[in-house]
Amino acid sequence: MKNYTIAWIGIVLTLLMACSGGKQKEGSPEAGGDMQSPTPRSSNYGMPQIPDSITTPEGRADYVALHYWERFPFGEQPDSTFIEQAFVDYVAVLPVATSQARTEGVGKLFALITAHRSPSTSHLSTLMDLAAHYLGNPQSPMHSDELYLYFLNAFVDVPSVSEAEKTRPRFLIQNLQKNRVGDKATDFVYNVASHSSSGGENKGVSSPRRGGTGGGVSKKQSLYSTAAKYLLLYFNDPDCESCQQEMPIAFSMASLRHPDVRVLLVNTESEQGVGTINGQPLPENWIDGYDPKQTITSKQLYYLPAKPSLYLLDAQKNILLKDASLQEIDNYLSSHLQP
């Protein structure tokens, strides 16, 4: 599968800027044409013609969410690239649409697929693979648990899908609904590693000896008792490659050294802290923590399909950003912090 990020951004900008539609095309809902006419395979599927009377970005996004798939050739077997681009273009407008339009639009998509016998099963499988790849994958630039939930919920509501096929989606629905943006983050207890600075040159993250104490004594603390105007909850595993790569980047960010921000590192896999980064001790506003009994993962307090996993919390521990990239967090903090 490809990542159609440029097309995705372009579609959103087009939708927001195009506040007046053109003449209704033949075959559009308003023209009363044939909604099931095949789309040429040599071009992209394309957006539905939005009525001139709908001028707000949200209203236009709602219209696309509800009517986008009405001309799609579900009774045929279009090229996989054609299907993938159509999916990405559709998902691009959903963040602008209302929750009701998203629910109805995705539900309508599944209804249109199942209304065709063959090859509807193939389309259904392809659609869920695309949703998992673009929306459910933490490494995807389009990753969104909130949007992924619309597709998962619609899938488990399809009567023709077997209970066995619904097992995994139901598991994901249950876990993706934990600690959503706007929710108060789930509390947990962690140990704070107390260790001596290690000298020497270091290219990445270096860890103290197992136990995280480095000769000192660790102490216990809870998430809720960790005071901060902004708290970056940084779930990590010092042994994972992505954590090794991203930690030095986080270390260098000015926003993550700001006095109004605290960074809580939590190693969920073993009894050790991070220790030093690039041979330097952690900034004073960083907390080197670990979960000695691996309670966070064993009790599934947070859904952590990949690490690092970053949550930005406010002073009341409400979730502002979930599974966000370092760039997204830096952008948010830079726009909210006083110089």
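Buried means under 20% relative accessible area, exposed means over 50%, and partly exposed is whatever falls in between. Keep those cut-offs handy for the close-ups below, which come from a predicted model.

**Figure 1. The whole protein, before zooming in, has 10 helices and 10 strands.** Of its 339 residues, 49% count as buried. The accessible surface comes to about 16,200 Å², and carbon and sulfur atoms own 51% of that area. Take the contacts between residues at least 6 apart in sequence: 72% of them join residues at least 24 apart.

**Figure 2. R180 and E146 meet through their side chains in a salt bridge.** The N to O distance here is 2.7 Å. R180 sits in the loop between α7 (163-176) and β1 (189-192), while E146 belongs to helix α6, so the pair ties together parts that are 34 residues apart in sequence. How exposed is R180? At 25% relative accessibility, R180 counts as partly exposed, because partly exposed covers the range between the 20% and 50% cut-offs. E146, at 28% relative accessibility, counts as partly exposed too.

**Figure 3. D145 and K322 form a salt bridge between helix α6 and strand β10.** Their side chains meet at 3.4 Å, N to O. D145 is in α6 (residues 145-156) and K322 is in β10 (residues 319-322), so this pair ties together parts that are 177 residues apart in sequence. Buried or exposed? Both D145 and K322 are buried. In total, the structure holds 6 salt bridges.

**Figure 4. E163, K166 and R170 belong to one salt-bridge network.** One of the links is the salt bridge between the side chains of R170 and E163, at 2.6 Å from N to O. R170 is partly exposed, with a relative accessible area of 39%. What joins the three residues is a set of salt bridges that share partners.

**Figure 5. Helices α6 and α7 pack against each other in a left-handed crossing.** The angle is about 145°, and the axes are 9 Å apart. On the α6 side, the contact is made by D145, Y148, L149, L152, N153, F155 and V156. On the α7 side, E165, K166, P169, R170, L172, I173 and L176 make the contact. Some names should look familiar: D145 is also in the salt bridge with K322, and K166 and R170 are also in the network with E163.

**Figure 6. Helices α2 and α4 run roughly parallel to each other.** The axes of α2 (residues 57-67) and α4 (residues 99-114) come within 7 Å and cross at roughly 20°. That angle is under 35 degrees, so the two helices count as roughly parallel. The crossing in which α2 passes α4 is left-handed. D62, A65, L66 and H67 make the contact from α2, and A101, E104, G105 and K108 make it from α4.

**Figure 7. A111, in helix α4, is viewed together with A154.** The two residues are 43 apart in sequence and 9.2 Å apart in space, going C-alpha to C-alpha. A111 is partly exposed, with a relative accessible area of 44%.

**Figure 8. K178 is in the loop between α7 and β1.** Which residues does K178 contact, leaving aside its neighbours within four places in sequence? The partners are Q300, L301 and K322. For K178 and L301, which are 123 residues apart along the chain, the C-alpha atoms are separated by 7.8 Å. K322 has already appeared in Figure 3, where its side chain meets that of D145.

**Figure 9. Three spots have backbone geometry worth a closer look.** Most residues other than glycine have a negative phi, and most peptide bonds are trans. A cis peptide bond joins K307 and P308, with omega at about 0°. P308 lies in the loop between α9 (295-298) and β9 (309-314). K317, in the loop between β9 and β10, has a positive phi of about 70° although it is not a glycine. K317 is buried, with a relative accessible area of 3%. D323 also has a positive phi, about 50°, and is not a glycine either. D323 is found in the loop between β10 and α10 (326-336). With a relative accessible area of 18%, D323 is buried, because buried means under 20%.

Methods. Residues are numbered from 1 along each chain as its sequence is written. This is a predicted model: local features need pLDDT of at least 70, side-chain atom pairs count only at pLDDT 80 or more; totals for chains, interfaces and linings use all residues. Side-chain values use heavy atoms; hydrogens and water are left out. A salt bridge is a side-chain nitrogen of Lys or Arg within 4 Å of a carboxyl oxygen of Asp or Glu. Helices (H or I, at least four residues) and strands (E, at least two) are DSSP runs, numbered from the N terminus. Buried means under 20% relative accessible area, exposed over 50%, partly exposed in between (1.4 Å probe, protein chains only). Contact means heavy atoms within 4.5 Å. Accessible areas come from the Shrake-Rupley method with a 1.4 Å probe; for residues, only the protein chains shown count as cover. Axes are lines fitted to C-alpha atoms, for helices over the stretch in contact, and angles run from 0 to 180 degrees between N-to-C directions. Angles under 35 degrees count as roughly parallel, over 145 as roughly antiparallel, 65 to 115 as roughly perpendicular and the rest as oblique. A crossing is left-handed if the near helix is turned anticlockwise from the far one by less than a right angle, and right-handed if clockwise.
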